Every structure is written in structure tokens, then in C-alpha cells.
Amino acid sequence: MAWFKRKDKGIHTPTEEKKDTPKGLWYKTPSGKIIDTDELKKNLYVSPEDGYHVRIGSKEYFELFFDNNEFTELDEKLTSKDPLKFEDTKKYPDRIKAVQKKTGLKDAVRTAVGKSAGKDLVIAAMDFAFIGGSMGSVVGEKIARAIDYSIKHKIPFLMVSKSGGARMMEASLSLMQLAKTSAKLAQLAEAKVPYISLCTDPTTGGTTASFAMLGDINIAEPNALIAFAGPRVVKDTTGKDLPEGFQRSEFLLEHGFLDAIYERKNLKKQVNLYIDLIQNQPIRA
């Protein structure tokens with residue numbers, strides 16, 4: 001019977017021989033559900049246990065929307081300068097270099113053109129990992145140039161927003177991007193080129209106050225935080241308790257700020273359906 005009973009007492013494994021559990025094997029959702037990370041990736045980073053949509057970046061959205069993940073990136077080497085000589089705990093250029101090294105990104109948005117469901121689509125997708133997806137001069141410029149590309153080539157434009165708002169290190173230069181991107185979207189509308197805005201978690205601050213809410217169609221992922229100021233700031237300012245789910249995508253849909261909410265697995269099909277309907281083109285299967 002020794003095969004299931006320990007015969008020797010006091011067995012100890014030397015510390016140097018103990019093996020740690022590798023990091024990244026499991027993911028825990030806010031509701032406490034545990035899921036294998038490989039399974040999570042296969043499910044488009046959506047927990048099959050509770051439907052929680054894990055935050056993803058431009059890399060994953062490009063894989064989701066572009067056929068066979070084939071695309072041409074636009075203005076990929078554009079990086080921020082430091083005209084204000086800003087310094088907090090770090091000098092701004094040093095912070096930029098550190099974040100670039102950590103994330104492998106040049107800034108908080110990537111823009112690209114490629115085929116989606118067989119037709120050309122220009123996508124600007126933000127990355128929260130880069131200084132909270134904050135909107136600085138480079139973000140505004142890259143979005144503006146992507147819109148110019150859409151206008152020139154008559155290609156529909158998709159904006160995937162994920163941001164904490166304006167980048168404080170660029171102060172007024174960051175705030176100028178709100179007007180800049182909004183003006184470019186007005187030109188896109190005049191050219192009669194479709195614009196779909198996808199709000200993901202979180203879409204806040206200057207993004208919400210500009211391009212994120214200016215789409216021909218405004219859609220969102222489930223339970224995404226979409227707001228100008230965060231819930232705590234709003235509560236402290238108004239002195240009132242907020243409704244349950246306040247500033248989540250479902251609340252905004254109910255109150256008319258969004259046109260629809262789609263699970264991640266349905267986004268590609270729905271975005272291209274809207275584009276076909278807007279352009280009065282045959283609906284793609």
C-alpha cells in the first residue's frame with residue numbers, strides 16, 4: 001500500500017531545487033474566475049466563464065480585424081518630442097524611451113491599412129500600455145494622417161479608442177489634438193467616407209470629448225468604461241451617489257450615447273456590415 005502512502009518522514013526539498021509556478025499561465029478576472037491564458041488567447045481574450053473582455057492592444061485588434069493579420073503600418077516611426085521641457089519624477093524624453101523599451105511601441109496609437117473581410121480598411125488602434133493610452137501630439141498626428149489616407153484613397157476608417165485622456169506632459173499641445181482630430185473627421189464626413197468608432201475599456205477624457213464620439217456609428221465592447229471624468233471625480237464633484245453601472249457601455253447604450261454593443265468575436269462582422277450599409281454596397285457574408 002506504499003504507492004499512495006509516504007513511507008519516509010520529514011522529506012524536504014532544498015530551496016535552490018524548488019520550482020516556482022511560471023508566471024502568465026493563468027488569468028483571474030475581476031469576478032474571480034480563473035482561466036488558462038492559452039485558452040483565453042484562443043477566445044480572443046474574453047473569459048468563457050463570465051464573458052469578461054480583457055484589455056488588449058493594437059496588435060490584437062489588428063489580428064482581429066485584418067484578414068490573415070496582413071496590413072501595412074502607417075507612420076510607424078513617428079515619436080514624441082519635448083517642446084515644453086517637462087519633468088516630473090523623470091524627464092519626459094527619458095520616460096518615453098523607457099516606455100518604448102518596455103512595450104515595444106513608439107507611442108499610444110498605431111495606424112494601418114489592410115483588407116478586412118476582403119475590402120480595404122484603415123484602422124487606428126490605441127494602446128493603454130503606453131502611458132495609459134494618453135493622447136499627445138503624436139497620437140493626434142497619426143490619427144490625422146490616417147484620416148488623410150482614408151480621404152485620399154476613399155477607404156473606410158475605424159478608430160479603436162482606449163485611453164486615459166490627454167497627456168499631461170504635453171499640456172496644451174495635447175489638448176490641441178481634440179480640435180485637430182475633430183476637424184479631420186469633419187473632412188472625412190465631407191468626403192463621404194464611412195467612420196466607425198469602437199470604444200473599448202477604458203475610453204475617457206479627451207478621446208471621449210473628441211474622436212471617440214464622432215463616428216457615423218459609435219459602438220463599444222461589453223462593460224467598457226466610457227466617460228470624460230472618472231466615476232470618483234464625478235461623485236466628488238456632484239456630491240451624489242452614482243447609478244449602478246454608471247459610465248459603463250451598457251448604461252451609455254440605454255441613454256443614447258452608443259448605437260450598439262458587440263462581443264469581441266462579432267466585431268469584425270458587424271463593423272464591415274455597417275460599412276456596407278453606409279456605402280450601399282452588397283453585404284459581405
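Before you click anything, one cut-off: buried here means under 20% relative accessible area, and exposed means over 50%. Keep in mind, too, that this is a predicted model.

**Stop 1: strand E6**

Select residues 157-163, which make up strand E6. How many of the residues of E6 are buried? The count is 7 of 7, so by that cut-off the strand is mostly covered. Now show the side chains. Phe157, Met159, Ser161 and Ser163 point one way from E6, while Leu158, Val160 and Lys162 point the other way. Both sets are buried, Lys162 included.

**Stop 2: the neighbour, E5**

Add residues 119-126 to bring in strand E5. E5 and E6 run parallel, paired over 4 bridges. For a landmark along that pairing, pick Ala124, which sits opposite Met159 of E6.

**Stop 3: the whole sheet**

Zoom out to take in the full sheet. It is open, it has 7 strands, and its pairing is mixed. Reading across, the order is E3-E4-E5-E6-E7-E8-E9. Which strands are at the edges? They are E3 (71-74) and E9 (260-261), each of which pairs on one side only.

Go to the E3 edge and select residues 109-116 as well, which gives you strand E4. E3 and E4 are antiparallel partners, with 4 bridges between them. Put a label on Phe71 and look across to E4: the residue opposite is Gly114.

**Stop 4: helices on the sheet**

Next, select helix H2, residues 58-65. H2 packs on the sheet and touches E3, E4, E5, E6 and E7. Its direction makes about 10° with that of E4.

Then colour helix H4, residues 137-153. H4 lies across E3, E4, E5 and E6, and it runs at about 25° to E4.

**Stop 5: salt bridges**

Side chains of opposite charge can pair when their charged atoms come close. The model has 18 salt bridges in total, and a few are worth a visit.

Start with Asp201 and Arg248, whose closest N and O atoms are 3.4 Å apart. Asp201 belongs to strand E7, and Arg248 to the loop between helix H6 (231-238) and helix H7 (249-254), so this pair ties together parts 47 residues apart in sequence. Asp201 is buried, with a relative accessible area of 14%. Arg248 is partly exposed at 27%.

Move on to Arg264 and Glu221, which meet in a salt bridge with 2.9 Å from N to O. Where do the two residues sit? Arg264 is in the loop between E9 and helix H8 (267-278), and Glu221 is in the loop between strand E8 (217-220) and H6. The pair therefore links parts that are 43 residues apart in sequence. Are these partners buried or exposed? Arg264 is buried at 1% relative accessibility, and Glu221 is buried at 2%.

For a third example, select Lys235 and Asp241, joined by a salt bridge of 3.5 Å, N to O. Here Lys235 is partly exposed at 39%, and Asp241 is exposed at 67%.

Finish this stop by showing Asp75, Glu141, Arg145 and Lys180 together: salt bridges that share partners join these four residues into one network.

**Stop 6: backbone oddities**

Most residues other than glycine have a negative phi, and most peptide bonds are trans. With that in mind, go back to Asp201. The peptide bond from Asp201 to Pro202 is cis, with omega near -5°. Pro202 is in strand E7.

Now pick Ala117, in the loop between E4 and E5. Ala117 is not a glycine, yet its phi is positive, at about 55°. This alanine is partly exposed, with 31% relative accessibility.

Another positive phi, about 45°, turns up at Ala171, again not a glycine. You will find Ala171 in helix H5, residues 171-190. It is partly exposed, with a relative accessible area of 37%.

**Last stop: a nonpolar patch**

Switch to a surface view and select Leu25, Trp26 and Ile34. These residues make a nonpolar surface patch of about 320 Å². Ile34 is part of strand E2, residues 34-36, and counts as partly exposed at 48% relative accessibility.

Methods
Residues numbered from 1 in each chain as written. Predicted model: local features only at pLDDT ≥ 70, side-chain atom pairs only at ≥ 80, totals over all residues. Heavy atoms only, no water. Patch = residues over 30% accessible without salt bridge, like charges linked within 9 Å, V, L, I, M, F, W, Y side chains within 5 Å. Areas by Shrake-Rupley, 256 points an atom, 1.4 Å probe, with all protein chains shown as cover. Salt bridge = Lys/Arg side-chain N within 4 Å of Asp/Glu carboxyl O. Buried < 20%, exposed > 50% of the residue type's maximum accessible area, 1.4 Å probe, protein only. Pairing = 2+ DSSP bridges. Contact = heavy atoms within 4.5 Å. Axes fitted to C-alpha atoms, helices over the stretch in contact; angles between N-to-C directions.
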